[in-house]
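Reader: I would like to go through this model at the level of single contacts. Please show it to me before we start.

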Amino acid sequence: MKAIQVGLIGLGTVGAGTFHVLQRNQAEIRGRAGRGIEIAMVSARNAERAKAYQAIVGDGVPCVGDAQQLVNNPDIDIVVELIGGIEPARSLVLQAIANGKHVVTANKALLALHGTEIFEAAREKGVVVAFEAAVAGGIPIIKALREGLTANRIEWIAGIINGTTNFILSEMRGKGLDFATVLKEAQRLGYAESDPTFDIEGVDAAHKLTLMSAIAFGVPVQFDRAHVEGISSLQATDIKYAEQLGYRIKLLGITRRRQEGIELRVHPTLIPSSRLIANVEGAMNAVVVQADAVGTTLYYGKGAGAEPTASAVVADLVDVTRLHTADPDHRVPHLAFQPDAMSDTPILEMADVHTAFYLRLVVADQPGVLSRITTILAEHDISIDAVLQRESGEGERQTDLIILTHDTVEGRMNEALAKMQGLPTVLAPIVRIRKEELA
Ligand code: HSE
């Protein structure tokens, strides 16, 4: 059978990795896919990069500057979009779909924001949009959620799905350094981008979480409903206190099904040091899935990089190649559930989310201070799990008071925090970090 023809948009790190993996493993890939997978055309805006690749791939594979030429090429069966960002990626993907081509993409931002439009367009044209590489790089978590766990009712997912922030947090904990120092080091080592905003402010993780949540719970992708909080204001002091209490702080993406709706949130989170996921260090990614039949499963691996991400891109190429001639009605739906079985369960407001808390208060070291604070918590029906008092290093007249609570509703905690902050004996803004036992 004639090899399937692929058009590759973007020759950056992942584009190059895809090229190399396809070349190196072509015999095995052909054996698995049932036919060859050939790159028939590439597009790159960077002329130098284009020239370098042209030299490798030879004249048989044209490299064009204008990706429109690629998506309109009638010989191409699958378009691989690896340029990232919203435009021109969105227009190119929609054009490829309109031309009846399947799409493989690593673009989490595009799908988290425009997934509904893109999946609908693909469904109408009977083509596949595959996106394993968009979430957690080389970890086959989309496949696991959509197919491997299909027998289950998924209850929650918690993931370390941004390597940059996990590297920063690991360094802060390991070396006792502050955020700004470690960020600079991460940039020097190439772990963090020169503009690291999307990573450190939790946006990249929220894109990925939005996609996992949609697949797990059969709801439309709704990035605008996600709570997004990064690590830029996290202090080394809190990492140290968390450790003394038996916890580590990770930037987690959490999505959980509750009776009233779905939680969809990214924020720094205390998790018990004894959990496997708490020991995921450096730039590695990991996702824990809790499901009713299988129980807890954990997926671990590289969430970025040329060949780990290419591993996911090529896996999608093989999948799409196998499905190319299958009846569109018998393919795995983009979001796991058939379009008429999608749910309209709402995404919950943060005020309605249930979680436990770590609180750090800088308080005057006087009689009655602790009791006033615990009274406020009791009045809001918030139960205390542990209390730690430590010299704050600012002299004898003030002290750090660290409180761990049991689960409560976030709205109730907000009210209690406002009351505590109003006490004259609370001397600085209260630090609040959510805590999950992940039991
Ligand atoms: N910048 C991401 C990370 C990888 O640090 O994990 C691509 O999403």
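Author: Start with Lys108, which places a polar side-chain atom 2.8 Å from an oxygen atom of the ligand. The model is predicted: local features need pLDDT of at least 70, side-chain atom pairs count only at pLDDT 80 or more, and totals for chains, interfaces and linings use all residues. Residues are numbered from 1 along each chain as its sequence is written, and side-chain values use heavy atoms, with hydrogens and water left out.

Reader: Which atom of the ligand lies 3.0 Å from a polar side-chain atom of Asp199?

Author: A polar contact here is a pair of N or O atoms within 3.5 Å. For the side chain of Asp199, the partner at 3.0 Å is a nitrogen atom of the ligand.

Reader: How much of the ligand's accessible area does the protein cover?

Author: Accessible areas come from the Shrake-Rupley method with a 1.4 Å probe. On its own the ligand has 260 Å² of accessible area, and the protein covers 81%.

Reader: Helix 8 supplies residues to the shell around the ligand; how is helix 8 oriented to helix 12?

Author: Helices are DSSP runs (H or I, at least four residues), numbered from the N terminus. Axes are lines fitted to C-alpha atoms over the stretch in contact, and angles run from 0 to 180 degrees between N-to-C directions. Helix 8 (residues 163-175) packs on helix 12 (residues 236-244) at about 70°, with the axes 9 Å apart. Since angles of 65 to 115 degrees count as roughly perpendicular, helix 8 is to helix 12 roughly perpendicular.

How values were computed
Helices (H or I, at least four residues) and strands (E, at least two) are DSSP runs, numbered from the N terminus. Angles under 35 degrees count as roughly parallel, over 145 as roughly antiparallel, 65 to 115 as roughly perpendicular and the rest as oblique. A polar contact is a pair of N or O atoms within 3.5 Å; within protein, one must be able to donate a hydrogen and the other to accept it, and residues adjacent in sequence count only if both atoms are side-chain atoms.
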